[in-house]
Amino acid sequence: MGVIRVLAIRTFPVRGEAGVDHASVQVGEAGLAGDRPKKAAVSLVGSDAPETRANLVLDAPTERVEALDGSVVRIGEVLLAVQSTGNACAGLYAAVGAPGSIRVGDAVVPT
């Protein structure tokens with residue numbers, strides 16, 4: 001299996017409105033700059049579910065993304081502790097362990 005990379009970055013500043021696409025974004029402990037507070041600081045999903053309101057769309061099937069559950073990954077400068085959403089939503093939630101920037105094309109590297 002190849003390296004998983006960031007395919008798209010989105011923030012959702014206003015509940016119920018369309019997301020905003022970004023080429024790169026700063027990520028702090030509370031989540032992506034410009035994103036409204038949600039259940040988790042960051043949400044991730046696979047390329048087969050891009051219509052979900054996830055912050056990071058990765059270039060792998062959601063099933064492969066969900067296999068990262070319980071791990072810590074580095075994406076760009078950011079360290080994320082990923083876990084299941086705990087509900088029927090596709091993808092993963094993540095807490096920020098080290099802030100920094102993420103860019104489209106960055107690799108998802110398990111630590």
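**Strand pairing and burial in the predicted model**

Strands S3 and S4 form a hairpin, with two residues between them. The model in which this hairpin occurs is a predicted one. Strands S3 and S4 run antiparallel and are joined by two bridges. Within this pairing, Val27 stands opposite Leu32 in S4.

The hairpin belongs to an open sheet of three strands, arranged in the order S4-S3-S10 with antiparallel pairing. Strand S4 (31-32) and strand S10 (100-103) each have a single partner strand and stand at the edges, so one side of each is left without a neighbour in the sheet. Strand S3, which comprises residues 24-28, pairs with S10 in the antiparallel sense over four bridges. Ser101 in S10 is the bridge partner of Gln26, and Gly100 in S10 stands opposite Val27.

In a regular strand, side chains alternate between the two faces of the sheet. Such an alternation is found along S3, where Val25 and Val27 point to one face and are buried. Ser24, Gln26 and Gly28 point to the other face of S3 and are not buried. Val27 is thus a residue of the buried face, with Leu32 of S4 opposite it and Gly100 of S10 likewise opposite it.

Strand S10 also contains Ile102. The relative accessibility of Ile102 is 1%, and since residues under 20% are classed as buried, Ile102 counts as buried. Apart from neighbours within four places in sequence, the contacts of Ile102 include Ala23, Ser24, Val25 and Val27. Val6, Ile9, Leu56, Ile75 and Val78 are also in contact with Ile102. Of these residues, Ile75 lies 27 residues from Ile102 along the chain, while the C-alpha atoms of the two are separated by 6.3 Å.

A further set of pairings involves strand S5. All five residues of S5 (residues 42-46) are buried, so this strand is largely enclosed by the rest of the structure. Burial extends to both faces of S5: Val42, Leu44 and Gly46 lie on one side, and Ser43 and Val45 lie on the other.

Strand S5 pairs with strand S9 (residues 92-98) in the antiparallel sense, over three bridges. In this pairing, Ala94 in S9 is the bridge partner of Val42, and Tyr93 in S9 is the bridge partner of Ser43. Strand S5 is also joined by three bridges to strand S6 (residues 56-58), and these two strands run parallel. The bridge partner of Gly46 in S6 is Leu58.

Strand S9 pairs in addition with strand S8, which covers residues 78-84; six bridges join the two strands, which run antiparallel. Val82 stands opposite Ala94 in S9. Ala94 is therefore a point of pairing with S8 through Val82 and with S5 through Val42.

Considered as a whole, the protein chain contains one helix and 11 strands. Read from the N terminus, the elements follow the order β-β-β-β-β-β-α-β-β-β-β-β. The radius of gyration of the protein chain is 12 Å, close to the 13 Å that the globule rule gives for 111 residues, so the chain is as compact as a globular protein of that length. The C-alpha trace spans about 35 × 30 × 25 Å along its principal axes.

Of the 111 residues, 42% count as buried. Among contacts between residues at least 6 apart in sequence, 51% join residues at least 24 apart. The protein chain exposes about 5700 Å², of which carbon and sulfur atoms supply 54%. With regard to charge, the protein chain carries 10 positive and 12 negative side chains, and the centres of the two sets lie 3 Å apart.

Notes. Residues numbered from 1 in each chain as written. Predicted model: local features only at pLDDT ≥ 70, side-chain atom pairs only at ≥ 80, totals over all residues. Heavy atoms only, no water. Rg over C-alpha atoms; globule rule 2.2 N^0.38 Å. Buried < 20%, exposed > 50% of the residue type's maximum accessible area, 1.4 Å probe, protein only. Contact = heavy atoms within 4.5 Å. Areas by Shrake-Rupley, 256 points an atom, 1.4 Å probe, with all protein chains shown as cover. Lys, Arg positive; Asp, Glu negative; His and termini not counted. Charge placed at Lys NZ, Arg CZ, Asp CG, Glu CD.
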